[in-house]
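Subject: Structure handover and notes

Dear colleague,

I am passing on the structure we spoke about, with the sequence alongside it. Please open it next to this message, since my notes are meant to be read with the model in view.

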Amino acid sequence: MTHPPTEIRSATPAEMSHVVSAIVAAFLTDPLARFAWPSPHDHLRAMPLATREFAGGSFEHGTAYVSADFCGAALWLRPGVHPNGEALERVFRETAKRDHLDDLLATFEKMGEWHPEEPHWYLPLVGVEPNAQGKGLGAALMRHAVLRCDQERALAYLESSNPRNISLYLRHGFEVIGEIRVGSGPLVTPMLRRPRRVGADEGAAKL
């Protein structure tokens, strides 16, 4: 199905709250997010805090990509920029379901171990709010960033916390490189993308 072109741009730090709201809505049914916060109240209260610590560096470096209507966002961290791990752990310890905390923290520790040693772009969070899903926004967000990775000849890495999204990542050049499952926690799938020649397979990347 062909969708009209979608404008994707870098969000400013002043727009962070709008972008974070889109991510929070997109993750309402995400297995890992809801493992952390099974209660809707807890999810809506804590997910914004976790998003800022996990991917806040994207706003500082102009790599928080958003659709023009703020319905979708992809928060990328460029090589050398990292999540605020200590602050993120603190958010989890203060907000996550007690019975799930150990498995949640161990899952994130395993996620860190799967990062490639080489410099790479990292995608901590990408999502489209439910009312805008199925319209090609996710694909537009992915295309916007992976083109830059190709131009820089850089690796890209992500972890898929929802099996339904893996096909999207595969279509944009990512490969499954492992599996993470800790205790009662959900499956998390590390994925790596090697740079392509700019212009190669552009048709295959379009949805």
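What follows is an account of the aromatic pairs, two helix contacts and two loop residues.

Please keep in mind throughout that this is a predicted model.

Aromatic pairs

Searching the whole structure turned up seven aromatic pairs. One of them joins Trp37 and Phe92, whose ring centres are 6.0 Å apart and whose planes stand at 45°, so that the pair counts as tilted. This pair connects distant parts of the chain, since Trp37 sits in the loop between α2 (31–36) and α3 (40–55) while Phe92 belongs to helix α5 (residues 85–95), 55 residues apart. Trp37 counts as buried because its relative accessibility is 2%, and Phe92, at 4%, counts as buried as well. Both residues are also members of a cluster in which ring pairs link Trp37, Phe54, Phe92, Phe108, Tyr122 and Tyr157.

Helix α3 against α5

Two members of that cluster come up again where α3 meets α5, namely Phe54 on the α3 side and Phe92 on the α5 side. The two helices pack at an angle of about 165°, their axes being 8 Å apart, and because that angle is over 145°, α3 counts as roughly antiparallel to α5. The crossing in which α3 passes α5 is left-handed. On α3 the contact is made by Arg45, Ala46, Leu49, Ala50, Glu53 and Phe54, and on α5 by Ala87, Leu88, Val91, Phe92 and Thr95. Sorted by class, the residues of this contact comprise eight nonpolar, one polar and two charged.

Helix α1 against α3

Helix α3 also has a contact with helix α1 (residues 16–26), where the two axes come within 9 Å and cross at roughly 120°. That angle makes α1 oblique to α3, and the crossing in this case is right-handed. From α1 the residues Met16, Ser17, Val20, Ile23 and Val24 take part, and they meet His43, Leu44, Met47, Pro48, Thr51 and Arg52 of α3. The contact of α1 with α3 is made up of seven nonpolar, three polar and one charged residues.

Two loop residues with positive phi

The last point concerns backbone angles, and the background to it is that most residues other than glycine have a negative phi. Phe70, although not a glycine, has a positive phi of about 60°. The residue is found in the loop between β2 (64–67) and β3 (72–77), and Phe70 counts as partly exposed because its relative accessibility is 22%.

Arg153 is likewise a residue other than glycine with a positive phi, in this case near 55°, and it lies in the loop between α7 (137–151) and β5 (155–160). With a relative accessibility of 52%, Arg153 counts as exposed. If its neighbours within four places in sequence are left aside, Arg153 is in contact with Pro195, Arg196 and Arg197. For Pro195, the C-alpha to C-alpha distance from Arg153 is 5.2 Å, although the two residues are 42 residues apart in sequence.

When you go through the model, you might begin at Trp37 and Phe92, the tilted pair, and then follow α5 to its contact with α3.

With best wishes

How values were computed: Residues numbered from 1 in each chain as written. Predicted model: local features only at pLDDT ≥ 70, side-chain atom pairs only at ≥ 80, totals over all residues. Heavy atoms only, no water. Phe/Tyr/Trp six-rings, centres within 6.5 Å; stacked < 30°, edge-to-face > 60°. Helix = DSSP H or I, 4+ residues; strand = E, 2+ residues; numbered from the N terminus. Buried < 20%, exposed > 50% of the residue type's maximum accessible area, 1.4 Å probe, protein only. Axes fitted to C-alpha atoms, helices over the stretch in contact; angles between N-to-C directions. Parallel < 35°, antiparallel > 145°, perpendicular 65-115°, else oblique. Left-handed = near helix turned anticlockwise from the far one by under 90°. Contact = heavy atoms within 4.5 Å. Nonpolar A, V, L, I, M, F, W, Y, C, P; charged D, E, K, R; others polar.
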